[in-house]
Amino acid sequence: MKRTGIFFTYFQGERLRDFPQALAGILDKENVSYYDAVYDSGDGLYYLEPVSEELLLKVHSPDMVREVRLTGDYESALYSAGGTVQAADKIWQGEIDNAFVFTSFGDHHAGRNFYGGMCYFNGAALAIAALKERGVRRFAIVDTDCHHANGTRDIFGSDDDVLHICLCYQDYHDEQNNVDVRIPYRTSDEEYLAKMRQEFVPRTTAFKPEYIFWEFGYDATQGEYGDKDLTRDCHPKLARLIKGVADKVCHGRLITILCGGSGRAVATYTIPRIIRCLAELER
Ligand SMILES: [Zn+2]
Ligand SMILES: [Zn+2]
């Protein structure tokens, strides 16, 4: 059984209102660890840490960090990105195998010197910066949020050690480990999964990353603001597919990061299912 870490912050917005209660039946499992910013267990063991400024400045410009500090969302942004950094560290230490990171603010629209679209700091990029210092070399990032990951591409576009596969609105593009796969309006779950099997599985298998980051947005779900007609059941299926590749190529090292999506019902339905898949609690 894989050991799964859950990294939880919830500062604002509607979508996570049912959490962590919606994780009942998961949190008490022996192979599941829960880290949050609310309860300090005293020994610091299960306390979610905000990302340090020192690490922030390895990815983002001082000007940008200064600007984010003035937004009023700074603390929340530090905890959102901190979950991903900490997840990567716990995996590296061998304490957990994979993780689900709840966020108030996502990653993928945050570049070196810009932010926007509800993203301030790029958690995956920060985690990768920290892991590189420990000698980890190769990474894959797969992005199933419906928007283009312009921030992540800005940071890693010319980095040969990072494979970036982004399913989005952009035209098809495949250059130097940077891939955009266009998802048309009205795409069925089966068509979406077929594109993942075709574009993500073989590339990632050949690339042999040591960690896989999954930017999990559910804004392409029916009724959401980026509606591409996917049903809510598509996301747990994606989890199974991505986890399968992680298990095969990198000892199951997979970090799932909550990105776009606003509906409370979709979050409450999909996230526990994804975590059950990660922790292998499904029958
Ligand atoms: Zn999005
Ligand atoms: Zn894209």
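What follows is a short talk on aromatic rings and one buried glutamine in this structure.

Before I start, please keep in mind that this is a predicted model, in which local features need pLDDT of at least 70 and side-chain atom pairs count only at pLDDT 80 or more, while totals for chains, interfaces and linings use all residues. Residues are numbered from 1 along each chain as its sequence is written, chains are lettered from A and ligands numbered from 1 in the order in which they are written, and side-chain values use heavy atoms, with hydrogens and water left out.

Let me begin with the rings. A search of the whole structure finds 14 aromatic pairs, where rings of Phe, Tyr and Trp (its six-membered ring) pair if their centres lie within 6.5 Å, and planes under 30 degrees apart count as stacked, over 60 as edge-to-face and the rest as tilted. One of these is the edge-to-face pair of Phe-105 and Tyr-120, with 4.8 Å centre to centre and 75° between the planes. Both residues lie in the loop between β3 (98-101) and α4 (123-133), so the pair ties together parts that are 15 residues apart in sequence; helices (H or I, at least four residues) and strands (E, at least two) are DSSP runs, numbered from the N terminus. Phe-105 counts as buried at 3% relative accessibility, and Tyr-120 is likewise buried at 11%, given that buried means under 20% relative accessible area, exposed over 50% and partly exposed in between (1.4 Å probe, protein chains only).

A tilted pair is formed by Tyr-169 and Tyr-185, at 6.2 Å centre to centre and 55° between the planes. Here Tyr-169 is partly exposed at 31% relative accessibility, whereas Tyr-185 is exposed, with 56%. Tyr-169 also has Lys-228 over its face, at 4.1 Å from the ring centre; for a charge to sit over a ring, NZ of Lys or CZ of Arg must be within 6 Å of the ring centre and within 35 degrees of the ring normal. In the case of Phe-207, it is the charged end of Arg-138 that sits over the ring, 4.0 Å from its centre.

Finally, where is Gln-86 placed? Gln-86 belongs to helix α3 (residues 74-93), and with 6% relative accessibility it counts as buried. Beyond its neighbours within four places in sequence, Gln-86 is in contact (heavy atoms within 4.5 Å) with Phe-7, Tyr-35, Tyr-47, Leu-48 and Glu-49. Its side chain reaches the backbone nitrogen of Glu-49 at 3.0 Å.

Terms used
A polar contact is a pair of N or O atoms within 3.5 Å; within protein, one must be able to donate a hydrogen and the other to accept it, and residues adjacent in sequence count only if both atoms are side-chain atoms.
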